[in-house]
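Here is a short tour of a protein model for someone meeting it for the first time. Have a look at the sequence and the fold, then read on.

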Amino acid sequence: MFDPKPHWRTLRSVWRMLSLTVLLLPILLVVVLGDWNGLFDAAAVPLFAIGMTTLLLTLWRFRLYKRALIRVDALGTSDEAAGAWASLHRLQSLGLSAAALPALVALVHYFCVGEVIPLVLLVVVSLGVMLLYRPPAAWVD
């Protein structure tokens, strides 16, 4: 018999760690650089547009993650579930990485321009999209 509880906990832990990283890296950058003037002000709009465009990568990834999540739930505790769980873990990691891209572009944007508002907006967008990859709480406990 296959026990899915450790896998649900792992999905939740991975989601929490990556979400915390996406939240703390920009805070650390702002604290370290302080009142930063930026190096290349002409990159403000293109970098913000690139950050928002990276959200499109998440749409494709989320569809695959959702299908894998439904498949894992359908298999339940059968012996075939191990392969489905491996696929789900991989798809969650890839989806969370794609969801973190706007925040990473925001770090580059802050380093180039020195503006906090686009940094906050792109980080909030990343965290919002990362909520899609959070495992359902009813299945975790």
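What percentage of the contacts in the protein chain with a separation of 6 or more is accounted for by residues 24 or more positions apart? The figure is 87%, where contact means heavy atoms within 4.5 Å.

Before going further, a word on what you're looking at. This is a predicted model, in which local features need pLDDT of at least 70 and side-chain atom pairs count only at pLDDT 80 or more, while totals for chains, interfaces and linings use all residues. Residues are numbered from 1 along each chain as its sequence is written, and side-chain values use heavy atoms, with hydrogens and water left out.

**The overall picture**

The protein chain has six helices and zero strands, so helices and strands need pinning down: both are DSSP runs numbered from the N terminus, with helices being H or I of at least four residues and strands E of at least two. Read from the N terminus on, the elements go α-α-α-α-α-α. The C-alpha trace spans about 60 × 25 × 20 Å along its principal axes.

Of the 141 residues in the protein chain, 37% are buried. Here buried means under 20% relative accessible area, exposed means over 50%, and partly exposed is in between, using a 1.4 Å probe and protein chains only. The accessible surface comes to about 8,000 Å², and 71% of that belongs to carbon and sulfur atoms; such areas come from the Shrake-Rupley method with a 1.4 Å probe, and for residues only the protein chains shown count as cover.

As for charge, there are 11 positive and 8 negative side chains, and the centres of the two sets lie 8 Å apart. Lys and Arg count as positive and Asp and Glu as negative, with His and the chain ends not counted. Each charge is placed at NZ of Lys, CZ of Arg, CG of Asp or CD of Glu.

**Helix 1**

Helix 1 has 29 residues, which at 1.5 Å a residue should span 42 Å, and its end C-alpha atoms are indeed 42 Å apart. That expected span is 1.5 Å times one less than the number of residues. Its buried residues are Trp8, Leu11, Trp15, Ser19, Val22 and Pro26. Just after helix 1 comes Gly34, with a positive phi of about 65 degrees.

**What's inside**

A nonpolar core is a set of buried Ala, Val, Leu, Ile, Met, Phe, Trp, Tyr and Cys residues joined through side-chain atoms within 4.5 Å. The largest one here has 28 residues, and the members touching the most others are Trp8, Val22, Val72, Trp85, Leu88, Leu119 and Met130. Helix 1 (5–33), helix 3 (55–75), helix 4 (81–113) and helix 5 (116–130) each give two or more residues to this core. Helix 4 provides the largest share, twelve residues. There's also a second, separate core of six residues, among them Ala43, Leu47, Cys112 and Val113.

Back in the largest core, take Leu88. Leaving aside neighbours within four places in sequence, Leu88 is in contact with Leu11, Tyr65, Ala68, Leu69 and Val72.

**A few residues up close**

Which helix holds Ser126? That would be helix 5. Ser126 counts as buried because its relative accessible area is 0%. Setting aside neighbours within four places in sequence, Ser126 is in contact with Val22, Ala99, Ala100, Pro102 and Ala103.

Thr54 sits in the loop between helix 2 (44–53) and helix 3. Is Thr54 buried or exposed? With 12% relative accessibility, Thr54 counts as buried. Not counting residues up to four places away in sequence, Thr54 touches Ala98, Leu101, Pro102 and Val105.

Helix 3 is home to Arg67, Leu69 and Ile70. Arg67 counts as exposed, at 53% relative accessibility, whereas Leu69 counts as buried, at 12%. Ile70 is exposed, with a relative accessible area of 54%.

The table pairs some of these residues with partners along the chain.

| Pair | Separation in sequence | C-alpha to C-alpha distance |
|---|---|---|
| Arg67 and Leu88 | 21 residues | 9.0 Å |
| Leu69 and Ala84 | 15 residues | 8.6 Å |
| Ile70 and Ala84 | 14 residues | 10.0 Å |
| Thr54 and Val32 | 22 residues | 26 Å |
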